Amino acid sequence: MPKINGNEIRPGNVLEHDGGLWAAVKVNHVKPGKGGAFAQVEMKNLRDGRKLNERFRSEDKVERVRLDQKDQQFLYEADGKLVFMDSETFEQTELDAELLGDRRPFLQDGMTATIEYYGEEALSVSIPQKVTCTVAETEPVVKGQTAANSYKPAILDNGVRIMIPPFVGEGEAIIVNTEMFEYSERA
């Protein structure tokens, strides 16, 4: 694995530090009037979610880690485990449902997700940014409420509550942004 200087750390880099895997979230380069320059790095542990603020001088060497990304198809969920299948080798992998966090309801059968691996260990699962869902229940449209850009609450077929425009009714398919949990467009 390549070693990089402390001043070469960028947001999104994955580093091996203090025996753990850390993703750089924020990097602030500081040049004080006295002494050498350093990078103030806010990092998040990829295994347990802890946060850490660390200073790296430009002469410090840090181990940069490359993660392997594989596209895998979601099959089913059993006992809090998500089962994915590699589309090339047809090998099945079981992962904890906590890896998806609050985006879990948007994972649908047959959906292709990108899983990041460090060796054989799965560290994160990312689903497509836009997912098609159906509106399960919503309020009827009230005429004359168009003076301002108004939205109404809705519950989707997967149980998630979002705000939708007044022209969308029950049973309609919509596209939802899974990162922002908001209505994107009609399907």
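Q: What makes a stretch of residues a strand in this predicted model?
A: A strand is a DSSP run of E with at least two residues, and strands are numbered from the N terminus. Asp79 is found in the loop between two such runs, β7 (68–78) and β8 (81–86).

Q: Is Asp79 buried or exposed, and how do you know?
A: The relative accessibility of Asp79 is 82%, and the cut-off for exposed is over 50%, so Asp79 counts as exposed. Its backbone also deserves a remark, for Asp79 has a positive phi of about 55 degrees although it is not a glycine.

Q: How do you know whether Phe90 is buried or exposed?
A: Phe90, in the loop between β8 and β9, has a relative accessible area of 58%; because exposed means over 50%, Phe90 belongs in that class. Phe90 likewise has a positive phi, of about 60 degrees, although it is not a glycine.

Q: Why is Asn177 called buried?
A: Its relative accessible area is 11%, and buried means under 20%, so the term applies to Asn177. Asn177 lies in strand β15 (residues 173–177).

Q: What makes the approach between Asn177 and Glu179 a polar contact?
A: The backbone nitrogen of Glu179 lies 2.9 Å from a polar atom of the Asn177 side chain, and the distance cut-off for a polar contact is 3.5 Å, so the pair falls within it.

Q: How do you know that β2 and β3 pair, and in which sense do they run?
A: Pairing requires at least two bridges; 4 bridges join β2 (residues 14–17) to β3, so the condition is met, and the two strands run antiparallel. Leu15, for instance, has Trp22 in β3 as its bridge partner. The two strands form a hairpin with 2 residues between them, and Asp18 in the turn has a positive phi of about 50 degrees.

Q: What makes β2 and β6 a pair as well?
A: β2 and strand β6 (residues 61–65) are linked over 3 bridges in the antiparallel sense, which meets the requirement of at least two, so they too count as paired. Within this pairing, the bridge partner of Glu16 is Glu63 in β6.

Q: Which residues lie nearest the centre of the largest pocket, and how many line it?
A: The lining has 20 residues, and Asn45, Leu46, Leu99, Leu123 and Ser124 lie nearest the centre. The volume of this pocket is about 490 Å³. Its lining divides into 9 nonpolar, 4 polar and 7 charged residues, and the largest share, 4 residues, comes from β11.

Note on methods: Residues are numbered from 1 along each chain as its sequence is written. This is a predicted model: local features need pLDDT of at least 70, side-chain atom pairs count only at pLDDT 80 or more; totals for chains, interfaces and linings use all residues. Side-chain values use heavy atoms; hydrogens and water are left out. On a 1 Å grid over the protein atoms alone, a cavity is a set of points where a 1.4 Å probe fits but cannot get out, and a pocket is an open set with protein on both sides within 12 Å along at least five of seven lines; lining residues have an atom within 4 Å of a point. Grid points are joined across faces, edges and corners, and a volume is the space filled by probe spheres set on the points. Ala, Val, Leu, Ile, Met, Phe, Trp, Tyr, Cys and Pro count as nonpolar, Asp, Glu, Lys and Arg as charged, and the others, Gly among them, as polar. Buried means under 20% relative accessible area, exposed over 50%, partly exposed in between (1.4 Å probe, protein chains only). A polar contact is a pair of N or O atoms within 3.5 Å; within protein, one must be able to donate a hydrogen and the other to accept it, and residues adjacent in sequence count only if both atoms are side-chain atoms.
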